[in-house]
Amino acid sequence: MIELKDVTLKYSSTKGIFNLNFNVEKGEVFGYVGPNDAGKTTTIRMLMGLLRAGRGSATIDGLNCFSRASAIQKHLGYVPEDVVLFENMRVKEYLNFITQMRGIFGQKDTRLRESLIERFEVETRGKIENMSNGMKKRLAIVTALMHDPQTLVLDEPTSGLDPLMQSRLLDLILEEKRRGKTVLLSTHRFEEVERTCDRVGVLKEGHLVENMDIVSLRAEETKAYLVKFAAPPNLEQIKKYGFGYQQFSQSDYELFSPGDRIDVLMKVLSHEKVLVFNSKNQSLEEIFQQHYQKEIKHQEIKKEVKNIESKPQEEKPKLFQKKEMKNKALPDQEEKVKEVKKA
Amino acid sequence: MSIPLFLKNIKNNTLLLLVFVALMSIYLAVIIYIYDPSGVGAMVDMMSILPAVLVNAMGFGTIDSGLTGFIASLFYGFLIYLFPMVYCIILANRLVAKWVYEGSFTSLLCTPNSRIKIIVTQGIYLLASIAVLFTVLFLVGYGMSEQFFPGMLDVKVFLKLNLGACLMTMTIGMFCFFFSCLFNSTKLALFFGALIPIGFFILNTLSKLSERTAFLGKFSLYNAFDGLAIVNGQANITLIIGGFAIFIGVLFVAAIGVFSLKRLPV
């Protein structure tokens with residue numbers, strides 16, 4: 001179990017991580033997302049004991065991440081974002097070296113290691129310096145997992161991997177989850193979060209702006225479907241259940257549904273003759289944009305307090321402006337829906 | 001100490017050690033070979049051609065007529081500062097700062113070994129490899145002397161000479177090691193790692209130039225080791241060894257301290 005309590009690690013007044021609070025429970029995959037430079041890697045390196053937190057406490061399985069790093073590493077696997085290995089070593093030599101560094105000497109059970117090498121198709125001949133970045137990443141994954149650790153900390157593990165390997169890694173994460181492992185997965189890709197994670201934390205400028213389970217995240221987003229009907233559908237029924245739509249032609253529609261009401265939409269559509277039913281792929285940006293745009297509450301409060309102190313009269317208009325801004329920031333789709341409805 | 005890491009260090013740095021062992025052994029062998037027991041006349045003649053100031057600066061001012069003194073003044077007077085210094089600067093950088101800078105040190109720390117254990121291993125390798133260097137030098141010096149001038153080498157004094165020089169080099173090595181642990185970039189580690197021993201060396205050389213610059217020697221670590229004084233029995237070898245050992249200990253602890261607390265680069 002990974003636990004962060006009020007962890008602050010400052011590089012400067014704006015760079016670093018500030019008052020981070022979150023837990024990753026046993027048997028849970030925690031998605032750690034956020035734009036570049038938000039502090040994801042800093043958090044992870046702090047958890048690995050490579051950086052010392054300025055304030056607060058970070059623990060893994062109850063052990064302090066800095067002072068007890070070596071004890072933690074016994075049962076932990078870490079895949080770094082940028083893999084740097086000992087370039088002049090051969091692959092087998094490196095794997096043996098790390099195994100020995102883990103205190104395992106002689107020919108013990110290497111079945112897990114062999115199966116991982118096979119699974120990720122790691123080329124074991126040749127030197128590390130001649131390997132491509134993708135291959136190095138795969139080697140790092142094998143290294144991180146070959147001692148069957150209880151906790152996995154993965155820092156953008158799929159970056160640099162081809163789609164096949166990405167998929168294999170995600171499958172592996174799911175398998176490990178089923179075996180009760182604790183996983184912290186930092187990533188940029190929504191598909192990965194959707195496929196593997198139970199909970200998501202959104203980091204922005206060093207602040208955790210969101211920490212919610214994947215079900216509520218789905219409920220918040222609006223799903224869009226492209227539907228082709230054989231006959232003009234019963235629009236009244238669709239409207240009645242609260243779904244938005246946009247009409248392209250007599251039979252082509254785009255339907256909008258809240259993430260948690262897809263089952264209702266299915267029931268409504270079951271009365272219609274549907275020819276084509278395609279879900280519109282939503283990118284990470286679309287879904288997370290609103291989360292990324294969330295103001296950091298902490299800072300906002302400070303700003304407001306300052307405003308009140310200095311210019312109390314101007315405070316109200318500013319707040320109104322903010323609200324208007326927020327309204328504008330709503331997804332385009334909903335605006336479209338409104339427009340269509342008006343028409 | 002971590003054995004696999006120690007073995008890896010041996011594998012990584014043996015070539016470097018071999019180069020320095022070979023260079024210094026050949027030099028020592030040649031010095032012993034050119035020794036002329038009937039008098040150091042030729043050598044003195046050659047030295048008289050050069051300006052006295054230069055000869056003094058290089059530590060060749062007094063050339064003892066005995067074999068041990070001859071070796072002490074020609075080998076343990078000047079060269080013993082230069083070659084091992086370069087070795088220490090390179091090795092100390094390779095053991096810590098280079099890996100930290102490249103990022104591969106992370107893969108060491110992501111094994112169940114504490115920072116202290118890893119740094120202690122690296123430090124022990126540094127000290128051990130210097131010990132190997134001087135053991136080889138002692139054996140080469142002893143072997144050559146016995147081969148060409150049997151019975152002429154005062155083995156006990158020669159051993160003291162090597163022991164003193166070995167500990168002095170270890171101290172210099174620990175200075176470099178400390179900076180290698182302190183800085184996250186190789187540039188800074190190399191700069192300070194080189195600055196200190198070269199500074200000592202320059203101060204030592206300047207102090208020998210004239211009476212008026214002699215006070216500079218007090219600031220140089222190299223001044224604590226005087227080959228000829230050991231041969232003449234003027235120096236207290238226990239004091240020298242003890243002093244260097246304390247220096248090594250303090251620097252080692254400081255290096256471990258700064259490394260175990262610092263933030264490693266992203």
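In this predicted model, Asp148(A), Glu176(A), Arg179(A) and Lys181(A) are joined in a network of salt bridges. One link of the network pairs Lys181(A) with Asp148(A), whose closest N and O atoms are 2.8 Å apart. Lys181(A) is situated in the loop between helix H6 (163-178) and E8 of chain A, and Asp148(A) in the loop between helix H5 (133-145) and E7 of chain A, so the salt bridge ties together parts that are 33 residues apart in sequence. The two partners differ in their surroundings: Lys181(A) is buried, with a relative accessible area of 4%, whereas Asp148(A) is partly exposed at 35%. The cut-off behind this assignment is that a residue counts as buried when its relative accessible area is under 20%.

The loop that holds Lys181(A) leads to strand E8 of chain A. All six of the six residues of this strand, 182-187, are buried, so E8(A) is largely enclosed by the rest of the structure. The cover extends to both faces: Thr182(A), Leu184(A) and Ser186(A) are buried on one side, and Val183(A), Leu185(A) and Thr187(A) on the other. Two strands pair with E8(A). Strand E3 (residues 29-33) of chain A runs parallel to E8(A) and is joined to it by five bridges; within this pairing, Phe30(A) has Leu184(A) as its bridge partner. Strand E7 (residues 151-155) of chain A also pairs with E8(A) in the parallel sense, over five bridges, and here the bridge partner of Thr151(A) is Thr182(A).

A further salt bridge in chain A is formed by the side chains of Glu192(A) and Arg189(A), at 3.5 Å from N to O. Glu192(A) is buried, with a relative accessible area of 2%, while Arg189(A) is partly exposed at 30%.

Cover is also found in helix H1 (residues 40-47) of chain A, where eight of the eight residues are buried. The buried residues of H1(A) include the polar and charged Lys40(A), Thr41(A), Thr42(A), Thr43(A) and Arg45(A), together with Ile44(A), Met46(A) and Leu47(A). Just after this helix, Gly49(A) takes a positive phi of about 80°.

These elements belong to a chain with 14 helices and 14 strands. Chain A has 343 residues, of which 45% are buried. Among its contacts with a separation of 6 or more, 69% are between residues 24 or more positions apart. The chain exposes about 17900 Å², and carbon and sulfur atoms supply 49% of that area.

Another part of chain A contains an open sheet of four strands, in the order E12-E13-E11-E14, with antiparallel pairing. Strand E12 (244-247) and strand E14 (274-279) stand at the edges with a single partner strand each, so one side of each is left without a neighbour in the sheet. Neighbouring strands of the sheet are turned by 25° against each other on average, direction ignored. Within this sheet, seven bridges join strand E11 (residues 222-229) to strand E13 (residues 252-258), and the two run antiparallel. One of the bridge pairs links Thr222(A) to Pro258(A) in E13(A). Helix H10 (residues 262-269) of chain A lies across E11, E13 and E14, running at about 145° to E13(A).

The account now turns to chain B. A search of the whole structure finds 14 salt bridges over all chains. One of them brings together the side chains of Glu93(A) and Lys11(B), at 2.6 Å from N to O. This pair crosses between chains, from helix H3 (residues 91-101) of chain A, which holds Glu93(A), to helix H1 of chain B, which holds Lys11(B). Side chains of opposite charge can pair when their charged atoms come close. Glu93(A) counts as partly exposed at 24% relative accessibility, and Lys11(B) counts as exposed at 58%.

Chain B also carries a nonpolar surface patch of about 510 Å², made by Ile26(B), Val30(B), Tyr33(B), Ile34(B) and Phe148(B). Helix H1 (residues 3-33) of chain B gives the most to this patch, with three residues. Phe148(B) belongs to helix H6 (residues 115-148) of chain B and is partly exposed, with a relative accessible area of 38%.

Note on methods. Residues numbered from 1 in each chain as written. Chains lettered and ligands numbered in written order. Predicted model: local features only at pLDDT ≥ 70, side-chain atom pairs only at ≥ 80, totals over all residues. Heavy atoms only, no water. Pairing = 2+ DSSP bridges. Axes fitted to C-alpha atoms, helices over the stretch in contact; angles between N-to-C directions. Contact = heavy atoms within 4.5 Å. Patch = residues over 30% accessible without salt bridge, like charges linked within 9 Å, V, L, I, M, F, W, Y side chains within 5 Å. Areas by Shrake-Rupley, 256 points an atom, 1.4 Å probe, with all protein chains shown as cover. Salt bridge = Lys/Arg side-chain N within 4 Å of Asp/Glu carboxyl O. Buried < 20%, exposed > 50% of the residue type's maximum accessible area, 1.4 Å probe, protein only.
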